Amino acid sequence: MSRSEAAAPFLLFLVLSCSFSVAVLAASTYPYKEQKQTLNVAGGGMGGGAAATTESKRYEGSSDLVNLRYHMGPVLSSPIKIHLIWYGRWAASDQRVIRDFILSVSDTSVPKPSVAQWWSTVALYTDQTGANITRSVVISREYTDAGYSKGTRLTRLSIQQIIQHAVAASADRAVDHKNGIYLVLTSRDVAVQEFCRAVCGFHYFTFPSIVGYTLPYAWVGNSGTQCPDVCAYPFAVPAYMAGGGPKALRPPNGDVGLDGMVSVIAHELAELSSNPLVNAWYAGEDPTAPTEIGDLCEGLYGTGGGGGYTGQVLSDRKGRQYNMNGRGGRKFLVQWVWSPVLKACAGPNALD
Ligand SMILES: *[C@@H]1O[C@H](CO)[C@@H](O)[C@H](O)[C@H]1NC(C)=O
């Protein structure tokens, strides 16, 4: 869920915020205005790594703004089995980028700064049984819906209908109820209710009346041709920012819409894992508009970020920006997430 967020002095962030909260159909305004926080942190808790911190900026103003609390519900502590649904037309090369990102979450052999190291911050969240979020994420099976079974203009509820259709249409209907989640990815020609305007992705859980049972799911859309300046920031910036504002970064896999999706997928997976039934980890008093662990760090990709600046990231030999390595030599630019240990945003590329 993933509210997007308004980073104060910059109007930019009123627009940019990605994935927004969708707990209820009505939750579509920006309920809070929070500052982005940045902190120079090392490790992000990787392997119990030292939390040596050097604060560069504290959350300005009241720390009440970041009152991330646990609400007694479960987190995803068992190995996560993703059922991936490709809705619309997808190039095989684009699918490989997304698969590689997802599979990098559990791949600890990748050189640092790595996706797995980024996920180690997510794995710091526990539930009331003391169980941490799992470090194991696999793609359990994939479904394709190249025929746009629900059309090219979707509502939020259509996403659940797409899930129902995918499962019903597959020969093997076995779904791992225990550890399964759905991830629905829509191609760039698909419009989704509030996509671009208020959301870039969301997560929730399925309803028995539509899908037949309750499992967590997330949706992320490709914004490449619809609103890259909104949902694929910082690979595109709004036109009115051209000039004095931050310049667009170059996407590490060469595709603004696709590389933008990767960070939103990361955001949603982190939030879905820490708040799968919308009763675990979130800030704010309103569970229909929760501020979750990705929301708190939206727009922040490196040390020193905040207020419209992404923070320090890395560049590859071709001059493309990234902040973490994935399997097969891939590189990704993914937003940081809130660490419950550091009480700050954390990422694998943090500088000491
Ligand atoms: C589990 O979470 C606790 C509390 O955040 C943390 O101290 C511990 O390192 C975590 N364990 C793993 C394996 O991430």
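This passage walks through a predicted model, from the whole chain down to a few single residues.

Because the model is predicted, local features are reported only at pLDDT of at least 70 and side-chain atom pairs only at pLDDT 80 or more, while totals for chains, interfaces and linings use all residues. Residues are numbered from 1 along each chain as its sequence is written.

To start with the overall picture, the chain contains 6 helices and 17 strands; helices (H or I, at least four residues) and strands (E, at least two) are DSSP runs, numbered from the N terminus. Of its 352 residues, 53% are buried. Here a residue is buried if 20 or more other C-beta atoms lie within 10 Å of its own, exposed if 12 or fewer, and partly exposed in between, with C-beta atoms placed from the backbone. Among contacts in the chain with a separation of 6 or more, 71% come from residues 24 or more positions apart. Two residues are in contact if their C-beta atoms, placed from the backbone, lie within 7 Å.

Next comes the sheet. It is open and built from 5 strands in the order 5-4-7-10-9, with mixed pairing; strands count as paired if DSSP finds at least two bridges between them. Strand 5 and strand 9 are the edges, each pairing on one side only. From one strand to the next, the twist averages 20 degrees. Such angles run from 0 to 180 degrees between N-to-C directions, and axes are lines fitted to C-alpha atoms, for helices over the stretch in contact.

Strand 9 (201-205) is an edge strand, yet 4 of its 5 residues are buried, so strand 9 is largely enclosed by the rest of the structure. Strand 9 runs antiparallel to strand 10, and 5 bridges join them. Within that pair, Y204 sits opposite Y217 of strand 10. Elsewhere in the sheet, strand 4 and strand 7 are parallel and share 7 bridges, with L84 partnered by L183 in strand 7. Helix 6 packs on the sheet, where it touches strand 4, strand 7, strand 9 and strand 10, and its direction makes about 165 degrees with that of strand 10. Helix 2, for its part, lies across strand 4, strand 5 and strand 7, at about 155 degrees to strand 5.

Helix 4 covers residues 156-169, which is 14 residues. From first C-alpha to last it reaches 21 Å, close to the 20 Å expected at 1.5 Å a residue; that expected span is 1.5 Å times one less than the number of residues. Its buried residues are S158, I159, Q160, I162, I163, A166 and V167. An α-helix has 3.6 residues a turn, so residues three or four places apart point the same way. The cover over the buried part of helix 4 includes strand 4 (80-87), strand 5 (137-145), strand 6 (153-154), strand 7 (180-186) and strand 10 (216-221).

Finally, some loops have backbone oddities. K112 and P113 are joined by a cis peptide bond, with omega about -5 degrees, and P113 falls in the loop between helix 2 (92-104) and helix 3 (115-122). Another cis peptide bond links Y233 to P234, with omega about 5 degrees; P234 is in the loop between helix 5 (228-231) and helix 6 (256-274). Y148 is not a glycine but has a positive phi of about 50 degrees. This tyrosine lies in the loop between strand 5 and strand 6, and counts as partly exposed because it has 17 C-beta neighbours inside 10 Å. C196, in the loop between strand 8 (191-192) and strand 9, also has a positive phi, near 80 degrees.
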